[in-house]
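Student: I am new to this structure and should like to go through it in questions and answers. May we look at it together?

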Amino acid sequence: MNGQLAQAGAGSLVAGWFSYVGTLVTTVLILVVRGRSRSTTHALRRDARWWWFVVGLCGIPIVLGMAAGIPVVGVALASVSAVAGQTVASLGLDARGVGVPEPIRLTGRRVLAGLTAVAGLAVAVIGGRVPSRVVR
């Protein structure tokens, strides 16, 4: 939907805003309907760290990039790119102990998983072709 909004002339920024606001509204509605808004608010006030919210903002470039990139390269290639990038970046964050109780060391299997994600991206880029025009 973000790609369609961006392509229709709304732009990547508006498409990304729509995605974030839509997610926030949906989450709040679910919490209210399930009667969990008070306990969730209490838990956030008690346990939340300020940097959780800052890290949440780091997703904005991904949403904007997807909104701008999908009309150009397609959903499949954009998705493979996002997964490969997040996988490789996450290996580094795990190794440094960011977001986990203690650092998770890089093992051969974890490195192989990262390399597999990058190899999948390479196959998708080599095997794919960019359409000469977008069909509506």
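Tutor: What follows is a dialogue on a predicted model.

Student: How do helix α6 and helix α7 run relative to each other, roughly parallel or roughly antiparallel?
Tutor: Helix α6 covers residues 75–96 and helix α7 covers residues 108–127. They pack with their axes 9 Å apart, at an angle of about 160°. Angles over 145 degrees count as roughly antiparallel. The two helices, α6 and α7, are therefore roughly antiparallel.

Student: In which hand does α6 pass α7, left or right?
Tutor: This question concerns the pair that packs at about 160°. The crossing in which α6 passes α7 is left-handed.

Student: Which residue forms a salt bridge with D94?
Tutor: Side chains of opposite charge can pair when their charged atoms come close. For D94, the closest N and O atoms of the pair are 2.5 Å apart, within the 4 Å that a salt bridge allows. The pair links distant parts of the chain, 16 residues apart, with D94 in helix α6 and its partner in helix α7. That partner is R110.

Student: Is D94 buried or exposed?
Tutor: Buried means under 20% relative accessible area. R110, the salt-bridge partner of D94, is partly exposed at 23%. The relative accessibility of D94 is 18%, so D94 counts as buried.

Student: How many salt bridges does the count come to?
Tutor: One salt bridge joins D94 and R110. Another joins R46 and D47, where the closest N and O atoms are 2.8 Å apart; D47 is partly exposed, with a relative accessible area of 32%. The count comes to 2 salt bridges.

Student: Which helix gives the largest share of the nonpolar patch on the surface?
Tutor: The patch is formed by L44, W50, W51, W52, F53, V54 and V55, which together have about 760 Å² of accessible area. One of these residues, V55, is partly exposed, with a relative accessible area of 47%, and V55 lies in helix α4. The largest share of the patch, 6 residues, comes from the helix of residues 50–57, namely α4.

Student: What is the orientation of α2 to α5?
Tutor: Helix α2 (residues 12–33) packs against helix α5 (residues 60–73) with their axes 8 Å apart, and the angle is about 125°. That angle makes the orientation of α2 to α5 oblique.

Student: In which hand do α2 and α5 cross, left or right?
Tutor: These are the helices whose axes are 8 Å apart. The crossing of α2 and α5 is right-handed.

Student: What distance separates the C-alpha atoms of V14 and A67?
Tutor: V14 is placed in helix α2 and counts as partly exposed, at 44% relative accessibility. Along the chain, V14 and A67 are 53 residues apart. In space, their C-alpha atoms are separated by 9.3 Å.

Student: How far apart in space are Q86 and A43, C-alpha to C-alpha?
Tutor: Q86 lies in helix α6 and counts as partly exposed, with 39% relative accessibility. In sequence, Q86 and A43 are 43 residues apart. From C-alpha to C-alpha, their distance is 28 Å.

Student: By what distance are the C-alpha atoms of V111 and M66 separated?
Tutor: V111 has its place in helix α7, and its 37% relative accessibility counts as partly exposed. V111 and M66 are 45 residues apart along the chain. The separation of their C-alpha atoms is 26 Å.

How values were computed. Residues numbered from 1 in each chain as written. Predicted model: local features only at pLDDT ≥ 70, side-chain atom pairs only at ≥ 80, totals over all residues. Heavy atoms only, no water. Patch = residues over 30% accessible without salt bridge, like charges linked within 9 Å, V, L, I, M, F, W, Y side chains within 5 Å. Areas by Shrake-Rupley, 256 points an atom, 1.4 Å probe, with all protein chains shown as cover. Salt bridge = Lys/Arg side-chain N within 4 Å of Asp/Glu carboxyl O. Helix = DSSP H or I, 4+ residues; strand = E, 2+ residues; numbered from the N terminus. Buried < 20%, exposed > 50% of the residue type's maximum accessible area, 1.4 Å probe, protein only. Axes fitted to C-alpha atoms, helices over the stretch in contact; angles between N-to-C directions. Parallel < 35°, antiparallel > 145°, perpendicular 65-115°, else oblique. Left-handed = near helix turned anticlockwise from the far one by under 90°.
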